[in-house]
Amino acid sequence: MKLLVVEDEVQLADALSEILKRNMYSVDTVYDGIDGLDNALTGVYDGIILDIMLPGMSGIEILKNMRAEKINTPVLLLTARSEVEDKINGLDCGADDYLTKPFVTGELLARVRALTRRKGEIIDENRVEFNGLELHKNTCSISYGGNDVKLSLKEFQIMELLIANPKQILPKERIIEKIWGYESDVEYNNIEVYISFLRKKIKVIKSPAQIKTARGIGYSLE
Ligand code: CA
């Protein structure tokens, strides 16, 4: 796993890099915003640990630029205790998590593990993939091999949720919350109808993926 550390406090940057290397990550370290952006834009990293206050260009600017260039690398922001505004701003700009300085090694490693945990692979802004099954945002469809099939909006939204959390049981309540909202009076059997449509469509494109039922709980994409 390849990480980028962008931090201008050289001692902290080198200590971070040392800790991460000891934990089997391969690490590039840069000490200012301009180099940070150049490296981030390569898109080769599995995660970026990004300080906010940097010479040359702030961490927030780097993040904005990255996301504008469709670089989806997960980002962990390093913030000082006084930078609450920046932290909120950072999360709004597409940071995945933040860590307040000073921090202990254990917490850093836990956050980095969470950050780099593989989800459905994001290929680009419009496509997410799970074992060859691709979900296409721009055409509202799924594909496998050369086959594809259109989805209704609700089918798409449910598939998006499943593919972002593969091999995990998604409780029905959570699917309803996410897609219909808290105030919804959608009956659980409505979801079952959508799931059965999705299963048929997954079969139509000949993908080996399956939506499994966890009886009484919810569904998982396997
Ligand atoms: Ca700094």
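**Overall architecture, the parallel sheet and the calcium site**

The protein chain exposes about 11,800 Å², and carbon and sulfur atoms supply 49% of that area. This is a predicted model, so everything below should be read with that in mind. Of the 222 residues in the protein chain, 42% are buried. The C-alpha trace spans about 55 × 40 × 30 Å along its principal axes, and the chain holds 8 helices and 13 strands. Contacts reach well along the sequence: taking those between residues at least 6 apart, 55% join residues at least 24 apart.

The chain splits into two pieces, with domain 1 running over 2–117 and domain 2 over 127–221. Taken over C-alpha atoms, the centres of domain 1 and domain 2 sit 32 Å apart.

Next comes the sheet. Five strands make up an open sheet, lined up as β2-β1-β3-β4-β5, with parallel pairing. At the edges are β2 (26–30) and β5 (97–100), each of which pairs on one side only. From one strand to its neighbour, the turn in this sheet averages 20°, direction ignored. Helix α1 packs on the sheet and touches β1, β2, β3 and β4 (75–79); the direction of α1 makes about 175° with that of β2. Zooming in on one pairing, β1 and β3 run parallel and are joined by 4 bridges. For V5, the bridge partner in β3 is I49.

A residue on the helix side gives a feel for this packing. S17 has its place in helix α1 and, with a relative accessibility of just 4%, counts as buried. Setting aside residues up to four places away in sequence, S17 touches V27 and T29. Both V27 and T29 fall within the 26–30 stretch of edge strand β2, and β2 is among the strands that α1 touches.

Towards the other edge, A95 is found in the loop between α4 (84–92) and β5. A95 also counts as buried, because its relative accessibility of 11% is under the 20% cut-off. Apart from neighbours within four places in sequence, A95 is in contact with L63, V75, L77 and G90. Two of these partners, V75 and L77, lie in the 75–79 range of β4, while G90 belongs to the 84–92 range of α4. Between A95 and L77 there are 6.7 Å in space, C-alpha to C-alpha, for a separation of 18 residues in sequence.

That leaves the metal. The calcium ion is coordinated by D8 (OD), D51 (OD) and M53 (O), at 2.1 to 2.3 Å. Read along the sequence, these donor residues follow the spacing D-x42-D-x1-M. The two aspartates link distant parts of the chain: D8 sits in the loop between β1 (2–6) and α1 (10–22), whereas D51 is in strand β3 (residues 47–51), 43 residues away. The site thus draws on β3, the strand that 4 bridges join to β1. How do the two aspartates compare, buried or partly exposed? D8 counts as partly exposed because its relative accessibility is 29%, between the 20% and 50% cut-offs. D51, on the other hand, counts as buried, with a relative accessibility of 3%.

Methods: Residues numbered from 1 in each chain as written. Predicted model: local features only at pLDDT ≥ 70, side-chain atom pairs only at ≥ 80, totals over all residues. Heavy atoms only, no water. Donors = N, O, S within 2.8 Å, 3.2 Å for Na, K, Ca; no water. Buried < 20%, exposed > 50% of the residue type's maximum accessible area, 1.4 Å probe, protein only. Pairing = 2+ DSSP bridges. Axes fitted to C-alpha atoms, helices over the stretch in contact; angles between N-to-C directions. Contact = heavy atoms within 4.5 Å. Domains from an automatic or database assignment. Areas by Shrake-Rupley, 256 points an atom, 1.4 Å probe, with all protein chains shown as cover.
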